[in-house]
Amino acid sequence: VSQYLNEGVDILLEEHPDLREKFKIYTVKSPSVNAFTSTDAKIFVNLGLLAQLGSEAQLAYILTHEISH
């Protein structure tokens, strides 16, 4: 799942390779509907959030929201 999320960020930031290098995305085995970003550019997405999403567009929105932090 983490690899899939990283591939999504690859697509979202394909025109910004310098920015892409900074981010690492991880999956958290938690039923909580949440995603968050650490101060060192690590993005954590809970499995509970992924289970609630209805499309890849919603996932893209979540990832871009977290990147903007």
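**Exercise 1. Strand β3 and its burial**

Ile-43 is buried, with a relative accessible area of 0%. The model is a predicted one. Task: place Ile-43 in the secondary structure, and state how much of that element is buried.

Solution.
- Step 1. Ile-43 belongs to strand β3.
- Step 2. Residues count as buried under 20% relative accessible area, so the value of 0% puts Ile-43 in the buried class.
- Step 3. Ile-43 sits in a strand that is mostly covered, with 4 of the 5 residues of β3 buried.
- Step 4. For a distance across the chain, take His-69: 26 residues separate Ile-43 and His-69 along the sequence, and their C-alpha atoms are 9.8 Å apart.

**Exercise 2. The strands that pair with β3**

Task: for β1 and β2, state how many bridges join each to β3 and whether the strands run parallel or antiparallel.

Solution.
- Step 1. β1 and β3 run parallel and are joined by 5 bridges.
- Step 2. Within this pairing, Tyr-26 has Phe-44 as its bridge partner in β3.
- Step 3. β2, which covers residues 35-37, runs antiparallel to β3, with 3 bridges between them.
- Step 4. Phe-36 also has a bridge partner in β3, and that partner is Phe-44.
- Step 5. β2 and β3 make up a hairpin, with 4 residues between the two strands.

**Exercise 3. A residue in the hairpin turn**

Task: describe the backbone angle phi of Ala-41 and say whether this residue is buried or exposed.

Solution.
- Step 1. Ala-41 is located in the loop between β2 and β3.
- Step 2. Most residues other than glycine have a negative phi.
- Step 3. Ala-41 is a residue other than glycine, yet its phi is positive, near 65°.
- Step 4. The relative accessibility of Ala-41 is 17%, so Ala-41 counts as buried.

**Exercise 4. Aromatic pairs**

Task: the structure holds 2 aromatic pairs. Classify each from its ring geometry.

Solution.
- Step 1. A pair of aromatic rings is described by the distance of the centres and the angle of the planes.
- Step 2. The cut-offs needed are centres within 6.5 Å for a pair, and planes under 30 degrees apart for stacking.
- Step 3. Tyr-26 and Phe-44 have ring centres 5.6 Å apart and planes at 25°, so this pair is stacked.
- Step 4. This pair links distant parts of the chain, since Tyr-26 is in β1 (residues 24-28) and Phe-44 is in β3 (residues 42-46), 18 residues apart.
- Step 5. Phe-36 and Phe-44 have ring centres 5.0 Å apart and planes at 20°, so this pair is stacked.
- Step 6. Through these ring pairs, Tyr-26, Phe-36 and Phe-44 form a cluster.
- Step 7. For accessibility, Tyr-26 has a relative accessible area of 35% and is partly exposed. Phe-36, at 36%, is partly exposed.

**Exercise 5. Polar contacts of Arg-20**

Task: which side chains make polar contacts with the side chain of Arg-20, and at what distances?

Solution.
- Step 1. Arg-20 is in helix α2, which covers residues 17-20.
- Step 2. A 3.0 Å polar contact connects the side chain of Arg-20 with that of Asn-6.
- Step 3. A polar contact of 2.6 Å is made with the side chain of Asp-10.
- Step 4. Asn-6 is part of helix α1.
- Step 5. Arg-20 has a relative accessibility of 14% and therefore counts as buried. Asn-6, at 17%, counts as buried.

**Exercise 6. The largest pocket**

Task: give the volume of the largest pocket, and say which element gives the most to its lining.

Solution.
- Step 1. The volume of the largest pocket is about 160 Å³.
- Step 2. Two or more lining residues come from each of α1 (2-12) and α4 (56-68).
- Step 3. The lining includes Tyr-4, Glu-7, Ile-11, Glu-56 and Leu-63.
- Step 4. With 5 residues, α1 gives the most to this lining.
- Step 5. By residue class, the lining has 6 nonpolar, 1 polar and 2 charged residues.

**Exercise 7. A loop glycine**

Task: is Gly-54 buried or exposed, and how far is Gly-54 from Ser-32 in space?

Solution.
- Step 1. Gly-54 is in the loop between α3 (47-52) and α4.
- Step 2. The cut-off for exposed is over 50%. At 69% relative accessibility, Gly-54 therefore counts as exposed.
- Step 3. The C-alpha atoms of Gly-54 and Ser-32 are 16 Å apart in space, and the two are 22 residues apart in sequence.

Methods
Residues are numbered from 1 along each chain as its sequence is written. This is a predicted model: local features need pLDDT of at least 70, side-chain atom pairs count only at pLDDT 80 or more; totals for chains, interfaces and linings use all residues. Side-chain values use heavy atoms; hydrogens and water are left out. On a 1 Å grid over the protein atoms alone, a cavity is a set of points where a 1.4 Å probe fits but cannot get out, and a pocket is an open set with protein on both sides within 12 Å along at least five of seven lines; lining residues have an atom within 4 Å of a point. Grid points are joined across faces, edges and corners, and a volume is the space filled by probe spheres set on the points. Ala, Val, Leu, Ile, Met, Phe, Trp, Tyr, Cys and Pro count as nonpolar, Asp, Glu, Lys and Arg as charged, and the others, Gly among them, as polar. Rings of Phe, Tyr and Trp (its six-membered ring) pair if their centres lie within 6.5 Å; planes under 30 degrees apart count as stacked, over 60 as edge-to-face and the rest as tilted. Buried means under 20% relative accessible area, exposed over 50%, partly exposed in between (1.4 Å probe, protein chains only). Two strands pair if DSSP finds at least two bridges between them. A polar contact is a pair of N or O atoms within 3.5 Å; within protein, one must be able to donate a hydrogen and the other to accept it, and residues adjacent in sequence count only if both atoms are side-chain atoms.
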